[in-house]
Amino acid sequence: MDPHIDIDIDIDIDIDIDIDICSLPKENWQRDVHAVQLGGFWFMPESIKPILRVINNFKPLPTDVIVATFPKTGTTWLKSLLYSILNRSSKHNLAVQHPHNLVPFLEVQVFAESDEPLLLAAPSDEPRIFSTHIPCQLLAKTLDSSECKVVYLTRNPKDTLISMWHFVNKYKPDQSWSLDEATDSFCRGVGLYAPYYDHVIGYREQSLKRPENVMFVTFEEMMEDPRGYVKKLDDFLGCPFEDEDEVEEIVKNCSIEVLSNHDVKKSKESPSRIPLPYNAFFRKGKIGDHNNYLSDESIERIDTLTRERFHSLGFMYGI
Ligand code: PAP
């Protein structure tokens, strides 16, 4: 990956808190499911208010740690890793709680209902760990206002698309969504928190501008060397391990095999404010699953976009 990337995108867009959602541009994401556009990104209409609450009310503490991701790029995995790194003896908690409860989403859980954050963590808990899918372009002011640490995880666009397509078809079976439709939406840049490319580029740029505060990681690098990445995350967060066995233990406890096999993960319970079974966030967790689904034509279409959107900027990732 070329670290000397030169990206100039419009970051830090001003948004009016009293925005009329009906006035926002609307576009088909799936058949009969519309997304609305805010600040150049697409969201479900019901997500707009909570997102604006986060943008306007979230005041990160310098000790906060934030997991930032585009959906389906490995959020659940990174949550469990960071939770384990920051709470060294976390094995039991990971066995009985979902990573989405241990590391709540700002826009889905913490600011779901009001401008006041829900107290999901004890006030004395430091560092607090939150997560978000909100693009950097909308959150830059908030993140810049604090010395908090942000870890952004991204994933190959084709595997990200396939993961989302499976997720939607499994958990919203009434809205059968063909892979061609899903690919088309992805390439048009319409979807949850989409366009994917702008999302990645925004955080990538921040990580280059503020490397002490924003760390940019890919699913593939982490999958190929999980031990090395646990140590890198650890160094970034300023709490280095002294014991290699601890690193090994964290990698094992956060593997998809271990995480998805805890009894609670197999139950029908839902993580707080997320109306889906615990196991909805675990499927294969592999690199390259798109090869089992995408046609050569679709692969070429996405790769062309990846070259245009990433490679032309010197960011040699995603193909
Ligand atoms: P979210 O953004 O909706 O919270 P997220 O966790 O980012 O979802 O994505 C789920 C993907 O991460 C799934 O990928 P797949 O569909 O290609 O299989 C899921 O399997 C994968 N995943 C979840 N936990 C882990 C883990 N511990 N290790 C590796 N991959 C994981």
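Let's start with one pair: L38 stands opposite F41 in β3. This is a predicted model, so keep that in mind as we go.

Now the strands around that pair. β2 covers residues 33-38. It pairs with β3 in the antiparallel sense, over three bridges. Step back, and there are three strands in an open sheet. The order is β1-β2-β3, and the pairing is antiparallel.

What stands at the edges? β1, residues 26-30, and β3, residues 41-43. Each has a single partner strand, so one side of each is left without a neighbour in the sheet. How are neighbouring strands turned against each other? By 45 degrees on average, direction ignored. As background, strands of a sheet pair through backbone hydrogen bonds, either parallel or antiparallel.

Next, a helix pair. Helix α11 spans residues 226-237, and helix α12 spans residues 244-253. Their axes come within 9 Å. They cross at roughly 110 degrees. Angles of 65 to 115 degrees count as roughly perpendicular, and α11 and α12 are therefore roughly perpendicular to each other. The handedness? α11 passes α12 in a right-handed crossing.

Which residues meet there? From α11, we have P226, R227, V230 and K231. From α12, they meet E244, V247, E248, I250 and V251. By class, the residues of this contact divide into five nonpolar and four charged, with no polar ones.

To recap. The sheet is open and antiparallel, in the order β1-β2-β3. The helices α11 and α12 cross right-handed, at roughly 110 degrees.

Key: Residues are numbered from 1 along each chain as its sequence is written. This is a predicted model: local features need pLDDT of at least 70, side-chain atom pairs count only at pLDDT 80 or more; totals for chains, interfaces and linings use all residues. Side-chain values use heavy atoms; hydrogens and water are left out. Two strands pair if DSSP finds at least two bridges between them. Helices (H or I, at least four residues) and strands (E, at least two) are DSSP runs, numbered from the N terminus. Axes are lines fitted to C-alpha atoms, for helices over the stretch in contact, and angles run from 0 to 180 degrees between N-to-C directions. Angles under 35 degrees count as roughly parallel, over 145 as roughly antiparallel, 65 to 115 as roughly perpendicular and the rest as oblique. A crossing is left-handed if the near helix is turned anticlockwise from the far one by less than a right angle, and right-handed if clockwise. Contact means heavy atoms within 4.5 Å. Ala, Val, Leu, Ile, Met, Phe, Trp, Tyr, Cys and Pro count as nonpolar, Asp, Glu, Lys and Arg as charged, and the others, Gly among them, as polar.
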